Amino acid sequence: MIKAFTVLLAVGGLLAGFKGFGEGQDGKAEAIHRRAITVDTHCDTPMALVRGNLDVGKKNEAPGSRVDFPRMKEGGLDAIFFAAFTGQRPRTAENTQEAYTLANKMIEKTYEVCAQYSELAEVATAPEDVFRLEKEGKRAIYIGMENGFPIGTELERVEEFYNKGVRYITLCHSSNNDICDSSTDIKGSEHNGLSTFGKQVVKEMNRLGMLVDVSHISDKAFFDVVELSEVPVFASHSSVRAIAHHNRNMTDEMIKALAKNGGVIQICLLDDYVKDPDTTTVRYQKEQDLREIFSSQWSSMSEDEKEVVRKKWRGLDDLYPKQLPTVADYVDHIDYVKKLVGVDYVGIGSDFDGGGGLADCADVSEMPNITAEMVKRGYTEEEIAKVWGENFFRVFTEAVKATANN
Ligand SMILES: [Zn+2]
């Protein structure tokens, strides 16, 4: 697989104009970016698709929208994972069913828009699909699921979602669920890591060739998953805790265990996960107030009330503009993982349309800036190709291959 990859990299792709490369670049970074197979393993764009306020086949503007097919082409992004995301709510039968319905809607919408713009993009399910689609000049749209909440406690739903094209499940989100503990649940641990049901879910995912995503899960749950999984696992959008001290990020011990397991950490572009926030600003306080509402009152609010809060959140940028981290801050995380465990275990997962976005990488069209920064720091073309796609597709291929051998 790696060999086929190298051949395809040499063939290169026909990618449209970039706006990401700044003046003074000698074109080296652009050429390297064009030749690499590039994948972003996490965005929350299906949320906007379901709300009906995004035409993904037309060019939109950041910060309102950060991903669409034309801007993917502009930014030389060959593949992306659209996440069917559901927020964690109290685990009643009714809420679980609503999450199940919403996740299905997001998946259906993803198929719908890819069919609508079939000349631009196609739903992909196998690792090798990206090569075929890249040659055809189309974006490969893979489907992931962020939060296992829609599964509830019904194991057969894992296969049901696999059959609908879902190729990874982020086991939980901001709070604990029936599968495992979250890294950010204010109530703390409930299962001491992975639950008994969660163990069955991981085994089932291994059996199907579905990737286990360890982003969002607690440290203990992470170590449980690594010990249990028969194939390498990955973090679809997580950064380095030694740099940005957020529980959502991974410690050195976790990154070492992930590398030993053969997996990959896909560094997230969300500001607080890239750089510690300045806690002395008014903006920070206002954000904390809204976060408090999100974590304590959200589940009992009506849609109208939620929209008021969402509007306040969106309005923060106008009232209290934020000093976002830069691509240079971001590449510090890639450097850190490279020095800690090697360049084979790090990749890119933006979290665009779910909070991700940097000062100089506000949307998919600006992703070549990451390549430019890596070139500036002396990364070789081989290393850059690994970070942009080879590492992730190695993990994906191993998960699939293990099932074929069963
Ligand atoms: Zn997330």
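**Parallel strands, a zinc site and a buried serine in a predicted model**

Strand β5 (residues 166-170) is largely enclosed by the rest of the structure, because 5 of its 5 residues are buried. The chain crosses from β4 through helix α7 (residues 156-163) to β5. This β-α-β crossover is right-handed. The model described here is predicted. β4 and β5 run parallel and are paired over 4 bridges. Within this pairing, Ile143 stands opposite Val166 in β5.

On to the pairing of β5 with β6. These strands are parallel and are joined by 3 bridges. Tyr168 stands opposite Leu211 in β6. Helix α8 (residues 196-208) carries the chain from β5 to β6, again in a β-α-β crossover that is right-handed.

A second group of strands comprises β7, β8 and β9. Strand β7 (residues 234-235) pairs with β8 in the parallel sense, over 2 bridges. Here Ala235 has Ile265 of β8 as its bridge partner. The connection runs by way of helix α10 (residues 252-260): β7, α10 and β8 form a right-handed β-α-β unit. β8 also pairs with strand β9 (residues 346-348), in the parallel sense and over 3 bridges. Ile265 stands opposite Val346 in β9. Ile265 thus appears in both pairings, as the bridge partner of Ala235 and opposite Val346.

The side chains of β8 (residues 264-267) alternate in direction. Val264 and Gln266 point one way, while Ile265 and Ile267 point the other way. All four of these residues are buried.

The zinc ion has three protein donors: Glu146 through OE, His216 through NE2 and His237 through NE2. These donors lie 2.0 to 2.2 Å from the ion. Along the chain their spacing follows E-x69-H-x20-H. Glu146 belongs to strand β4 (residues 139-146), whereas His216 sits in the loop between β6 (211-213) and α9 (219-228), so the pair ties together parts that are 70 residues apart in sequence. Glu146 and His216 are both buried.

His216 also stands out in its backbone. Its phi is near 80°, a positive value in a residue other than glycine. The relative accessible area of His216 is 6%, and the residue therefore counts as buried, since the cut-off for buried is under 20%.

The loop between β9 and α15 (368-376) holds Ser350. Is Ser350 buried or exposed? Ser350 counts as buried because its relative accessibility is 0%. The side chain of Ser350 reaches the backbone nitrogen of Phe352 at 2.9 Å. Contacts of Ser350 beyond its neighbours within four places in sequence are with Asp40, His42, Cys43, Cys268, Leu269, Leu270, Gly356 and Met367.

Asp353 lies in the loop between β9 and α15 as well. Asp353 is not a glycine, yet its phi is positive, at about 65°.

Another backbone feature is found at Ala62 and Pro63. The peptide bond that joins them is cis, with omega of about 5°. Pro63 lies in the loop between α3 (45-51) and α4 (69-74).

At the level of domains, the protein chain is divided into two parts. Domain 1 takes in residues 2-9 + 26-278 + 323-404, and domain 2 spans residues 279-322. Their C-alpha centres lie 25 Å apart. The contact takes 9 residues from domain 1 and 10 residues from domain 2.

How far apart in space are Ser350 and Val282? Their C-alpha atoms are 26 Å apart, and the two residues are 68 residues apart in sequence. By the domain bounds, Ser350 falls in the 323-404 segment of domain 1, and Val282 falls in domain 2 (279-322).

Notes. Residues numbered from 1 in each chain as written. Heavy atoms only, no water. Buried < 20%, exposed > 50% of the residue type's maximum accessible area, 1.4 Å probe, protein only. Pairing = 2+ DSSP bridges. Right-handed = clockwise from strand over helix to strand, strands pointing away. Polar contact = N/O pair within 3.5 Å; in protein donor to acceptor, adjacent residues only side chain to side chain. Contact = heavy atoms within 4.5 Å. Donors = N, O, S within 2.8 Å, 3.2 Å for Na, K, Ca; no water. Domains from an automatic or database assignment.
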